[in-house]
Amino acid sequence: MAHQKPKKGLSVSMKENLFGYSLLIPSFIFLSLFTFYPVIKSIKLSFYSGPLTRLQFSGLDQYKNVFSDELFRKVLLNNILFLIGTVPTSIFLAMYLAIWVNKNIKGSSFLRTAFFYPTLIPLIAVANIWLFVYTPKYGLMDRFLDFLSIQGPNWLGSPNLAMFAIIFMIIWKDAGFYMIFYLAGLQNLPGDVYEAALIEGAKPFQMFKNITFPLLMPTTLFVMIVAITNSFKNVDHLYIMTKGGPDNATNLLLYYIYEVAFTNWDLGKAAVLTIILIAILLSVTAFNYFYLDKRIHY
Amino acid sequence: MGKILNYCLLIFLGLLFFIPLIWVFITSISPSGEIISGSNPFWTKNPTLNNFKEAWEAAPFLKYYLNTLIIVFGVLIVQLLTITLAAYAFARVNFKGKEILFIAFLIQLMIQPEILLFPNYQIMAQLGLVDTKLAVMMPYWASAFGMFLMRQTFKQVPYELDEASKMDGSRWWQTLWHVYIPAARPTYVAFALVSVSTHWSNFMWPLIITDSVDNRPLTVGLALFAQAFETGAQWGVITAGTVTVILPLLIAFFIFQKQFVSSFMHSGIK
């Protein structure tokens with residue numbers, strides 16, 4: 001815009017402002033409609049109860065109901081279990097895989113393909129495949145155990161095993177995706193530090209512990225946020241595999257919202273649950289930026 | 001010694017990771033009688049395409065393919081436009097309130113449209129857009145992730161190039177078109193691949209917002225199709241449906257592996 005002479009009444013900086021805003025308008029229309037407005041709408045709706053046509057203001061009643069709802073507590077606990085089961089394991093696996101795939105060993109491109117391809121399979125298709133893997137007696141898992149003369153359990157039918165089985169599947173699906181971020185992180189590590197360490201006679205594990213791991217910390221932080229967000233966001237598999245069962249043993253927060261909103265049509269409750277989910281995700285990010293980020297600067 | 005051990009473990013893991021894929025392919029081409037009773041789940045004596053024929057007759061996969069393609073590219077094209085303009089504004093234009101608007105943008109990274117299934121359904125109902133492809137696409141037309149990625153790239157374009165282009169009398173969109181966009185080509189490719197594979201896989205939102213063959217994408221079609229059969233005898237047909245859905249992305253990946261991997265790597269840069 002520099003070559004244009006400012007019109008009368010509009011200063012250069014005013015024109016620059018307007019120019020900036022107009023470039024942002026297309027994005028902000030959609031951000032407002034489908035991010036800001038729905039959040040505000042949910043906050044408002046969370047203070048109401050009743051069916052859509054006869055909504056009544058009910059203050060904090062909906063919140064009280066949700067927090068005293070045993071199913072909600074169970075689902076929240078499930079989600080935490082799911083997070084603890086999937087996030088650290090897939091992060092460590094991803095780091096391990098990346099460190100070895102990054103070395104120019106024979107077959108490293110085969111390995112990279114093997115670990116990464118599950119990323120490109122839609123979660124709903126993954127669920128279709130693993131439903132058959134976990135089918136009692138005839139499924140791949142139980143047939144394998146049968147081969148070892150072990151009586152296989154009903155993986156998805158037993159409340160104690162179902163969550164474990166799903167966690168295993170999600171690690172298979174996501175580890176390769178996180179591995180890619182570590183591969184990118186490893187490529188930015190300074191080579192001379194390793195040379196110096198080698199000259200000092202450092203052992204491979206010492207090098208990992210004292211150099212690679214700390215230098216990869218920013219990547220770990222990034223992957224951690226992505227992984228935690230995913231553990232709240234990705235619930236497609238429940239639709240095919242368990243519908244949240246057996247006995248709600250595998251139900252997760254977002255899937256629960258789906259059930260409350262679209263099966264029970266309990267709008268106020270769905271709004272409260274949405275607000276809780278948003279609060280969780282915002283605090284994860286806040287924790288990252290205000291606490292962890294300050295601690296890992298070295 | 002440790003190195004060999006690790007190497008063996010890695011090869012073992014690599015093979016383990018491939019097992020579900022190999023198994024689903026074999027099952028999809030096995031005659032239905034062999035699937036349950038066959039002694040080796042990784043082999044079939046009489047490969048057949050019958051399962052695919054049956055699957056394609058039972059559900060309108062061709063229509064679902066078309067819907068997915070329209071949705072995926074409908075999302076991408078608008079995204080490319082919105083992220084380019086916004087990224088250019090944040091990278092090169094000085095305006096009041098830039099920081100606050102930038103943070104407002106980043107909120108979408110934390111509260112992604114997937115989380116807002118329930119309120120967004122209501123908004124679509126108000127707009128009268130329930131059960132349209134437009135409704136599937138619209139919540140993704142602004143992308144904080146894409147804007148952020150492009151902004152980083154635009155910032156690396158030397159300012160002198162921008163100035164020189166303006167000295168030549170180019171308008172801002174000409175500068176954008178001739179200087180910034182060519183310089184950012186690899187980032188566009190990276191973003192496009194990530195966006196297409198994400199939306200190809202999207203499930204919960206289209207499940208809720210669509211209700212007809214005309215608007216349903218492949219993922220939702222597959223789920224409904226799989227639920228129609230629930231007995232073990234139909235494994236062949238269901239796996240054939242699953243292969244139908246996963247094949248295009250996997251083939252693309254196996255051909256353009258390097259491009260995929262480097263694109264996803266690119267997308268992680270903060």
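Let me start with a helix in chain B: at 1.5 Å a residue, the 17 residues of helix α11, residues 185-201 of chain B, should span 24 Å, and since its end C-alpha atoms are 24 Å apart, the expectation and the model agree. I should say at once that this is a predicted model, with ipTM 0.89 and pTM 0.88, and that chain B averages a pLDDT of 88, with 94% of the residues scoring at least 70.

Staying with that helix, the buried residues in α11(B) are B:Thr187, B:Ala190, B:Phe191, B:Leu193, B:Ser195, B:Ser197, B:His199, B:Trp200 and B:Ser201. What covers them? The cover includes α4 (61-92), α8 (144-155), α13 (218-228), α14 (235-255) and α15 (257-266) of chain B, together with α5 (123-133) of chain A.

That brings me to the interface, where 73 residues of chain B are in contact with 72 residues of chain A. On the chain B side, helix α1, residues 2-28, gives the largest share, with 11 residues, and by class that side has 54 nonpolar, 15 polar and four charged residues.

Turning to chain A, we have 13 helices and two strands. Its C-alpha atoms fill a box of roughly 75 × 60 × 30 Å along the principal axes, and the radius of gyration of chain A is 25 Å, whereas a compact globule of 298 residues would have one near 19 Å. Buried residues make up 41% of the 298 residues in chain A, and among its contacts between residues at least 6 apart in sequence, 66% join residues at least 24 apart.

Helix α10 of chain A, residues 217-233, passes the length check as well: its 17 residues at 1.5 Å each should span 24 Å, which agrees with the 24 Å between its end C-alpha atoms. Among the buried residues in α10(A) are A:Thr219, A:Thr220, A:Val223, A:Asn230 and A:Phe232.

Finally, the nonpolar core. In soluble globular proteins, nonpolar side chains tend to be buried together. Here the largest nonpolar core has 152 residues, and those with the most contacts inside it are A:Ala94, A:Tyr178, A:Met179, A:Leu253, A:Leu254 and A:Ile257; the largest share of this core, 16 residues, comes from helix α7, residues 159-187, of chain A. Which residues does A:Leu254 touch, leaving aside its neighbours within four places in sequence? The partners of A:Leu254 are A:Phe232, A:Lys233, A:Val235 and A:Leu277, along with B:Ile115 from the other chain, and A:Phe232 is one of the buried residues of α10(A) that I listed a moment ago.

Conventions: Residues numbered from 1 in each chain as written. Chains lettered and ligands numbered in written order. Predicted model: local features only at pLDDT ≥ 70, side-chain atom pairs only at ≥ 80, totals over all residues. Contact = placed C-beta atoms within 7 Å. Helix = DSSP H or I, 4+ residues; strand = E, 2+ residues; numbered from the N terminus. Nonpolar A, V, L, I, M, F, W, Y, C, P; charged D, E, K, R; others polar. Rg over C-alpha atoms; globule rule 2.2 N^0.38 Å. Buried ≥ 20, exposed ≤ 12 C-beta atoms within 10 Å, placed from the backbone. Core = buried A, V, L, I, M, F, W, Y, C linked by C-beta atoms within 7 Å. pLDDT = per-residue confidence, 0-100. Expected span 1.5 Å × (residues − 1).
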